[in-house]
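Colleague: I would like to learn how to read a model like this one, feature by feature. Where should we start?

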Amino acid sequence: MIRYSAVVIMLFLMFKASTAQEYTYEDTLRGSVTSYRSWWGLDHYDLHLSVHPDSQYLNGYNTISYTVLDSGTVLQVDLQEPLEILSVEQEGVQLNWTSVGAAHLITVQEPQIVGEHHEITVYYHGKPRVAVRPPWDGGITWDRDSNGLPFIASSCQGIGSSIWWPCRDHMADEVDSMDIHVTVPSHLMDVSNGRLIDTQKNNNGTTTYHWQVVNPINNYGVNLSVGDYVHWSETYDGLSGPLPLNYFVLRENEGKARQQFGQVTGMLDAFEHWFGPYPFYEDGFKLVEVPYLGMEHQSAVTYGNGYQNGYRGTDLSKSGWGLTFDFIIIHESGHEWFANNITYKDRADMWIHESFTAYSESLYIEYHNNTEAGADYVIGTRLAIANDRPIIAPYGVNAAGSSDMYYKGSNMLHTLRQIVGDDDLWLGMLRGLNREFYHQTVTTHQIEGYIADFVNLELEAFFDQYLRTNRIPILEWEWRDGSLRFRWSNVVSGFQMPVEIVLDGSSKRIRPSATWRTIPCDKKPKSVSLDRDYYVAMMNVVD
């Protein structure tokens, strides 16, 4: 194997010399669709993995099936240190590769003819990165249950799935389907994505679990969960027919889990209403206990919220409504629609996942209670907004924007709902998104364009304001000469947004722009306030 070629070193130095120091050539290889990725399309992964709990060691291989889309002979497979590639094969031939950090550029020997299907097999091993603060930092969690038995799980959004298995670690191209074979000590069980196809007892004290995913799946949505699990199941009568629901929890927690996981069917009732059918009927739905807070792994949502309502027992909205549901069950399951069904192409557009899913929390409350309750919740979450930097980050370098993508994003959507002013149209838009982009990877511009077209509004400046700046619109007003004057300030060019104000107790819809506008107002109002459903600020420029 060649570690670094002269060409790769030259490209690296040229990139470093011509760009700011904030991002590196390695960031570009990780975060963009390079020439080493663009000429081939993912078809199938066949992952075989052995987990060794005592030594915290992994070994195995992944067979990557792909279709040739364009001319090329070098393809990029990602695997992060301290894991290492042992060998790469195609058609029985050992292949060479060069490495730039976690990117491994493999030179194939077989002719690559457009339209043909090929596969390579990547063998690897090592001790993967340990997750220090999962799920945010990413890696493998090696824990023990109360009986001292291993309790192990993966979490890798952001840092990428190449932290524990070799793959094409970029979101733009989801693999069409996947087989996952995980071998663990026989007193333990692995739970991964999709449906359990086979369980094989080996003659060395281990058991291999074969899971199969038949729908497209993003890389970070693939998961590994190992423990002394007990299992039960039920069937949900959903919009697309019978949906199998399977639950896996530590033996010691079965009683608490059976009660708490009763919220799953109510979650499905709400989200199938708002977003349309659960997107992965063929793969089923699982809720799996893990030794960290939780994650939206596709068809295998992971859970670690302590069998209590709220977010670790607290109400993020301070409205009271946040303690009426288990945050992890509702939020992480909401990602099945926004993250797993509709998936961003670039991490910079992570708001597509988090804003809609944070908004789903209030929609869940609204469905099971009323509109005012849902509004109380989403408005209460404004306490968490920092307005520190834009929600959308730089593209092509695997960068994420502000954490405001959660609750500033959900309040942006709540504000947009008021602008639309038609809840039937709003519901149709949410369901339409999940139909239009079913099992697809998307860009922000696709989502913005679809929403604007569906509700027939000009929204370019609106999205620029909330997603691409950290400035909140300020409604300036004054009473002068028998008129109420108002305008938007602190806004991007072209920003015009209608808003509801309350004049002496009466609601009135006005249409400010960046220039002063007026409406008749014979006497100075005693009180002028904003409708609380709009996430904007207000200032009297006189008083």
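Modeller: Start with a cut-off. A residue is called buried under 20% relative accessible area and exposed over 50%, with partly exposed in between. Keep in mind that this is a predicted model.

Colleague: Take N147, then. Where is N147 found, and does N147 count as buried or exposed?

Modeller: N147 is in the loop between β9 and β10. Its relative accessibility is 55%, so N147 counts as exposed. Along the chain N147 and D228 are 81 residues apart, while their C-alpha atoms are separated by 9.5 Å.

Colleague: How do the two strands on either side of that loop pair?

Modeller: β9 (residues 139-144) and β10 (residues 150-155) pair in the antiparallel sense, over 6 bridges. One of the pairs is T141 with A153 in β10. The two strands make a hairpin with 5 residues between them, and G148 in the turn has a positive phi of about 85°.

Colleague: Now T469. Which loop holds T469, and does T469 count as buried or exposed?

Modeller: T469 lies in the loop between α12 (460-468) and β23 (474-480). Buried means under 20%; T469 has 11% relative accessibility and therefore counts as buried. Leaving out residues up to four places away in sequence, T469 touches P390, K408, D464 and V492.

Colleague: How much of the model can I trust to this level?

Modeller: Look at pLDDT, the predictor's confidence in each residue, from 0 to 100. The chain has a mean pLDDT of 94, and 96% of its residues reach 70 or more. Residues 1-21 stay under 50; for that stretch the model has 24 contacts beyond four places in sequence.

Colleague: On to helices. How far apart are the end C-alpha atoms of α9, and what span should its residues give?

Modeller: Multiply 1.5 Å by one less than the number of residues. For the 14 residues of α9 (residues 407-420) the expected span is 20 Å, and the end C-alpha atoms are 20 Å apart, which agrees. In α9, 14 of its 14 residues are buried. G421 follows α9 and has a positive phi, near 70°.

Colleague: How many residues of α8 are buried, and which are they?

Modeller: In α8 (residues 371-380), 7 of the 10 residues are buried. They are A373, G374, A375, Y377, V378, I379 and G380. These buried residues pack against α6 (327-334), α7 and α9.

Colleague: Which residues touch the most other members of the largest nonpolar core?

Modeller: A core of this kind is a set of buried nonpolar residues joined through side-chain atoms within 4.5 Å. The largest one here has 153 residues, and I120, W164, F261, W351, L433 and I447 touch the most other members. Helix α7 (residues 351-368) gives the largest share of this core, 8 residues. There is also a second, separate core of 6 residues, with L29, Y36, A103 and L105 among them.

Colleague: What is F261 in contact with?

Modeller: Beyond its neighbours within four places in sequence, F261 is in contact with W232, Y247, V249, L287, Y303, Y307 and I329.

Colleague: Now sheets. In what order do the strands of the sheet with β3 run, and which stand at the edges?

Modeller: Read across the sheet and ask how many partners each strand has. The order is β3-β7-β6, an open sheet of 3 strands with antiparallel pairing. β3 (74-78) and β6 (96-100) are the edges; each has a single partner strand, so one side of each is left without a neighbour in the sheet. On average, neighbouring strands are turned by 30° against each other, direction ignored. Between β6 and β7 (residues 103-107) there are 5 bridges, and T98 has L105 in β7 as its bridge partner.

Colleague: What is the order in the sheet that holds β25?

Modeller: That open sheet of 3 strands has the order β26-β25-β28, again with antiparallel pairing. β26 and β28 (528-530) are the edge strands, each pairing on one side only. Here neighbouring strands are turned by 35° on average, direction ignored.

Colleague: Which bridges hold β25 to its two partners?

Modeller: β25 (residues 499-503) pairs with β26 (residues 506-510) over 5 bridges, among them L503 with S506. These two form a hairpin with 2 residues between them, and D504 in the turn has a positive phi of about 50°. Towards β28 there are 3 bridges, including the one between I501 and L530.

Technical notes:
Residues numbered from 1 in each chain as written. Predicted model: local features only at pLDDT ≥ 70, side-chain atom pairs only at ≥ 80, totals over all residues. Heavy atoms only, no water. Helix = DSSP H or I, 4+ residues; strand = E, 2+ residues; numbered from the N terminus. Buried < 20%, exposed > 50% of the residue type's maximum accessible area, 1.4 Å probe, protein only. Contact = heavy atoms within 4.5 Å. Pairing = 2+ DSSP bridges. Axes fitted to C-alpha atoms, helices over the stretch in contact; angles between N-to-C directions.
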